[in-house]
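Here are some short exercises to help you find your way around a new structure. Have a look at the sequence and the model, then work through each solution step by step.

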Amino acid sequence: MKPLIHCYILLLVLLASCKQDKKQHESENLPKIAIAGLGIESSTFSPALTHEDAFHAKIGDSIFSKYPFLQVDSLNRKRAQWVPTLVGKSLPGGTVTKEAYESLVSKTLKLLKENGPFDGLFFDIHGAMSVVGMDDPEGDLIERIREVVGTNVLISTSMDLHGNVSKKLAKHTDLITCYRMAPHEDAIQSKKRAVTNLLDRLENGMGKPKYKAWIPVPILLPGEKTSTRIEPGKSLYAKVPNVANKEGVIDAAIWIGYAWADEPRNHAVVMVTGDDREKVKDGAETLAQSFWDVRNQFEFVAPTTSLEESLKLALASNKHPFIISDMGDNPTAGGAGDVTWTLEQLLERPEFKSDNGPSLIYASIPGPKFVEKAIEIGVGGKIKATAGATVDSRFAGPLELEGTIEAIKSGDRNAETEVVVKIGSIMVIVTKKRKPYHHLSDFTNLGLHPKKTDIIVVKIGYLVPELYDMRGDWVMALTPGGVDQDINRLGYKRIKRPMFPLDSTMAQPDLKAQFIPASNATE
C-alpha cells in the first residue's frame, strides 16, 4: 500500500511542477512593459517654484494603485509582465526647479536601466510641465528614456488635453492619446486606452504605427473657454472617435494646449496614428480644420465678470450655494494659490462684517504660520495672525486674519493641516500648504455645510463635477493671479505668432498633416 501512496504523492508533485513550469513559461512569453511618467501644469506667469516633494513620486508596485485597470485581477495586468518604475504627479503650480526635475529623471532612468530590457513602455504624463531653463521637458524626458530603453521599444503616451505636443515628443513616442473631456471625467478611461493600444500592438505583432500625423494649430485658449460640456467643444471632441475608430487608424486626439506658459510649444495640436496613410492624413486634417473653423465660437463655460459684479449677483440670488470661481489664482491651473486679493475684498465688505450676515465659505488661503499658531490656541479660541502672499504678493500683501477657530484637521495629502476661522459671517479655510477644494467631503470633513451656505468662493476655473452638481448658481470672477483668464494681460514674449485669439485677424494657417518619422527611423 505504501508504494502506491508514494507514487500518488510523486504524481501530484510532478503535476504541480508542470503547472508551475507552464505558468512560468507563459509569463516569460508575455511582453515586458515599463511604466514611467511625470505630470504637472506649470504656469510661467506665476512666481511660484515647484520642488520635488510636490510630485509625491511613487516607485515600484505602489504605482499600480493609480490605475484601476491594472489591478491584480484585471485582464490588462495579466497580458504583460509589468515593471512600474517611477510616476510622479503634482498639483498644478509654478515652474519646476531644475534640481527637482533632474532628481526625478535620474531616479526614473536608473530604475529603467536596472529592470530592462523592455518590449514596451506606458508613458503617463500631463504635457504642460515647465522647468527652469528648459522649453520642452516632456520631450527631453522621453528622449532620455529612449537613450536607456532603445528606439525599438514601443512607447504609448497618455496625456491631458491641456498638454503640449512638441515635434520631439511626437517623434519619440509611438502611440499617443489624450483626454476627450473637460472637465476630465474620462481620465482613467484615456489612460486605459493608451495601455490597451500598447498591448494590442505588441500582441498582434504590428508594433509601431506606420504613420504619425502631427498638425500644429495656432490657437491658444484657456480651459475655461474650451469645456466639452458646451459648444463648440462638445461637438468638436465628438468628432475624435469618428476618426479614431476608422479601419487603419489606431488613435486620434486634439490637444487644446496650455495657455499659461510662454514657450514656443504652447498651442493646440492634432495627432492621428495608424497604418493607413490616407485615413491618418485625412483624419488629422479634418480635425485640425474643424478646430480652426469654430475658433470664434469658444466662450467661457459660465457667466464671467468682475469680482464686484459677481458678489452683487450672489447677494441678490435666492439660489444657494451661489458659487464664485476665483479664477486668477486657481491652483489647479498653475496659480500660486496664495494670492490674497479676493479675500481682502471680501473682508472689507460690510455685508459680511456681522455674524448674522450672508454665510460665505472661502476656500482657501495658505498660511503655515497661521496654522501653527491655530494649533497652539486650539478649536474655539480666538486668533489674530497673517496668511497668504508669501509666494505671490504682486496684487495684495499678507492678510491679518482675526476670528474664532472653528476647526482644525490634519493629514490631508496636499494641505497637510487645515484650519477654519470664522470672521464675521465668512468661514475662511487656511491651509499649511495650498490645496484645491473639489469635493463635498473637502468641506464637510471640516464641519462645514456647503449646501446650506449662501455663497462659496473657491479658487478654481470651471467647476469640477461635484461642485457643478452642488451649485445653486455660478459665476466666474476675473480676478488677478498667475493664471489670469484674460490672456491678453499676460504679456507673452516667446510663443509662436501669429496666434489666435491674440492675433484675431490672422489668415487661414497651413493645416496640412506633417508626417513624423518613427522613433527608430534614421533621418
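**Exercise 1. Which residues are linked with D53 in a network of salt bridges?**

Before we start, this is a predicted model, so local features are given only where pLDDT is at least 70 and side-chain atom pairs only at pLDDT 80 or more, while totals for chains, interfaces and linings use all residues. Residues are numbered from 1 along each chain as its sequence is written, and side-chain values use heavy atoms, with hydrogens and water left out.

Step 1. Get the rule straight: a salt bridge is a side-chain nitrogen of Lys or Arg within 4 Å of a carboxyl oxygen of Asp or Glu.

Step 2. Apply it around D53, and you get a network that links D53, E416, K432 and K433.

Step 3. Zoom out: searching the whole structure turns up 34 salt bridges.

**Exercise 2. Are K435 and D442 buried or exposed?**

Step 1. Buried means under 20% relative accessible area, exposed means over 50%, and partly exposed is in between (1.4 Å probe, protein chains only).

Step 2. K435 and D442 form a salt bridge, 3.4 Å from N to O, and both residues are buried.

Step 3. Now try D503 and R497, whose side chains meet in a salt bridge at 2.8 Å, N to O. D503 has a relative accessible area of 21%, so it is partly exposed. R497 comes out at 47%, so that residue is partly exposed too.

**Exercise 3. Where in the chain is confidence lowest, and where is it highest?**

Step 1. Confidence here is pLDDT, the predictor's score for each residue, from 0 to 100. The chain averages 95, and 94% of the residues score at least 70.

Step 2. Look at the elements, which are DSSP runs numbered from the N terminus: helices (H or I, at least four residues) and strands (E, at least two). The lowest is helix 1 (residues 2-29), with a mean of 54, and the highest is strand 7 (residues 120-124), at 99.

Step 3. Check residues 21-26: pLDDT is below 50 there, and beyond near neighbours in sequence the stretch has 0 contacts in the model (contact means heavy atoms within 4.5 Å). Where pLDDT is low, the predicted coordinates should not be read in detail.

**Exercise 4. What is the strand order in the open sheet of 6 strands?**

Step 1. Two strands pair if DSSP finds at least two bridges between them. Following the pairs gives the order 4-5-1-7-8-9, with mixed pairing.

Step 2. Find the edges: strand 4 (58-59) and strand 9 (175-178) each have a single partner strand, so one side of each has no neighbour in the sheet.

Step 3. Take one pair: strand 8 (residues 154-159) runs parallel to strand 9, joined by 4 bridges. T157 sits opposite I176 in strand 9.

**Exercise 5. How many aromatic pairs are there?**

Step 1. Rings of Phe, Tyr and Trp (its six-membered ring) pair if their centres lie within 6.5 Å; planes under 30 degrees apart are stacked, over 60 edge-to-face, and the rest tilted. That rule gives 9 aromatic pairs.

Step 2. Y67 and F69 have ring centres 5.6 Å apart and planes at 45°, so this pair is tilted. Both residues are buried.

Step 3. For Y258 and W260, the centres are 5.8 Å apart and the planes at 75°, so the pair is edge-to-face.

Step 4. Finish with a cluster: ring pairs link Y67, F69 and F122.
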